[in-house]
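Me: I would like a close look at a single part of this model, namely its pockets and the parts of the chain that build them. Please take me through the residues carefully, and then go on to the helices and loops beyond.

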Amino acid sequence: MKTSLTPSVFTSAGRALRTTICTVAVSATLLVASSANLYAAERLVSTDAGATDLIVAMGLADELVAIDVTSQPPQGKQLPSVGYHRALSAEGLLSLKPTTVVGSEHMGPPAAVQALESAKVQLVQLPSADTPTDLANNIQQLAAALNRPEQGEALLIQLNRQLGLLNEVDRSEQRVAFLLAMDPSKLRLAGAGTGGDAFIDLLGAQNVAEFDNYRNVSAESLLSMQPTVILVAGKVTDQAVTSLLTANPILQHTPAGSQQRIIAVDGSSLVAGLSMAAVAEAKRTSAQLEKTL
């Protein structure tokens, strides 16, 4: 005897099957949407060189839509400028339709900051990094704000690896002078609390300056300090050492000069404190010093 499904049973089974299919389809759609939103593309505006450095180092250069005047644009990319970070235009910033504006704690004026907050634009303000620990904290803060934990973790690993390489060489006996020499006839020596001093710390060396901030010094005064290394941040990096010695030939008689340890550094990596670019520059400088020891 054959058994057949009654119409009512068949209809109930069909409804159940259709309900199951719809439920699965909706769940899959929500899952895809959730995944897309997890790493949704940002429209990032950076108002600080240090912030721009971290955004690019995290691999998010394509999400940058504008930068400030102190920032180096990502390689091969031209971006509009929002001006100076203490004199931002709220209208100009909002016209870029940013999802997030990243800058320093000195971002201003207050009216521009308030306008961004009122427009519900995410605002991330990072303190200037004076130490590697500060830099690591900024990486974590930015990665959390942008919901990019993997990129943040990868950058922290890279930072620790580079710091480890720098620490492999003992330079504790080296007396270093860090000069800002945009005009080679006017020597600005980096004292405590400056980007130059932080750079010397990265190298694990001593700062010859015994004062705070930057001060103008004479070539004769610098000679008396007997630096074993002179680092020069000039207007044009490739010409910085030649320009310095042409204007101040007496510096050739310092221990640094006699041992060919007067080295040009890229000062733009220190505009907003320590950055990933500054750590990379310290590594390059360390390798150059190794050749003279």
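Reply: In this predicted model, the residues that line the largest pocket divide into 14 nonpolar, 12 polar and 3 charged. That lining is made up of 29 residues, and those that lie nearest the centre of the pocket are Ser-128, Leu-270, Val-271, Ala-272 and Gly-273. The elements that give two or more residues to this lining are helix H2 (49-57), helix H5 (132-145) and helix H7 (195-203), and of these H2 gives the most, with 4 residues. The volume of the largest pocket is about 460 Å³, and its lining draws at least three residues from each of domain 1 (44-167) and domain 2 (171-291).

The second largest pocket has a volume of about 330 Å³. Its lining holds 24 residues, with Ala-49, Asp-53, Gln-72, Ser-275 and Ala-277 nearest the centre, and the elements that give two or more residues to it are H2, helix H6 (149-167) and helix H11 (276-290). The largest share, 6 residues, comes from H2, the helix that also gives the most to the lining of the largest pocket. By class, the lining of the second largest pocket has 11 nonpolar, 11 polar and 2 charged residues. Where does this pocket lie with respect to domain 1 (44-167) and domain 2 (171-291)? Both domains give residues to the lining of the second largest pocket, so the pocket lies between them.

H6, which gives residues to the lining of the second largest pocket, can be examined further as a helix. With 19 residues at 1.5 Å a residue, H6 should span 27 Å, and its end C-alpha atoms are indeed 27 Å apart, so the expected and the computed values agree. Its buried residues are Gly-152, Leu-155, Leu-156, Leu-159, Gln-162, Leu-163 and Leu-166. These buried residues cover an arc of only 130° around the axis, which means that they are on the same side of H6. The other side of H6 carries Asn-160 and Arg-161, both of which are exposed.

Two further helices can be read in the same manner. In helix H9 (residues 240-247), the residues Ala-240, Leu-244 and Leu-245 are buried, and because they fall within an arc of 120° when seen down the axis of H9, they line one face of the helix. On the other side of H9, Thr-242 and Thr-246 are exposed. In helix H4 (110-118), the buried residues are Ala-112, Val-113 and Leu-116; seen down the axis of H4, they fall within an arc of 100°, so here too the buried residues line one face of the helix. The face of H4 turned away from this buried side carries the exposed residues Pro-110, Ala-111 and Ser-118.

The loop that leads into H4 has a backbone feature of its own. Pro-109 is found in the loop between strand E3 (100-104) and helix H4 (110-118), and the peptide bond from Gly-108 to Pro-109 is cis, with omega near 0°.

Backbone angles also draw attention to two other loop residues. Lys-97, in the loop between helix H3 (90-95) and E3, has a phi near 55°, which is a positive value in a residue other than glycine. The relative accessible area of Lys-97 is 61%, and since exposed means over 50%, Lys-97 counts as exposed. Gln-260 has its place in the loop between helix H10 (255-258) and strand E10 (262-264), and it has a positive phi of about 55° although it is not a glycine. At 65% relative accessibility, Gln-260 counts as exposed.

One last pair of residues shows how positions set apart along the chain are placed in space. Ser-224 belongs to helix H8 (residues 219-225) and, at 56% relative accessibility, counts as exposed. Ser-224 and Thr-254 are 30 residues apart in sequence, while their C-alpha atoms are 8.3 Å apart in space.

Conventions: Residues are numbered from 1 along each chain as its sequence is written. This is a predicted model: local features need pLDDT of at least 70, side-chain atom pairs count only at pLDDT 80 or more; totals for chains, interfaces and linings use all residues. Side-chain values use heavy atoms; hydrogens and water are left out. Buried means under 20% relative accessible area, exposed over 50%, partly exposed in between (1.4 Å probe, protein chains only). On a 1 Å grid over the protein atoms alone, a cavity is a set of points where a 1.4 Å probe fits but cannot get out, and a pocket is an open set with protein on both sides within 12 Å along at least five of seven lines; lining residues have an atom within 4 Å of a point. Grid points are joined across faces, edges and corners, and a volume is the space filled by probe spheres set on the points. Ala, Val, Leu, Ile, Met, Phe, Trp, Tyr, Cys and Pro count as nonpolar, Asp, Glu, Lys and Arg as charged, and the others, Gly among them, as polar. Domain bounds come from an automatic or database domain assignment. The expected span of a helix is 1.5 Å times one less than its number of residues. The arc is that of the directions from the helix axis to the C-beta atoms.
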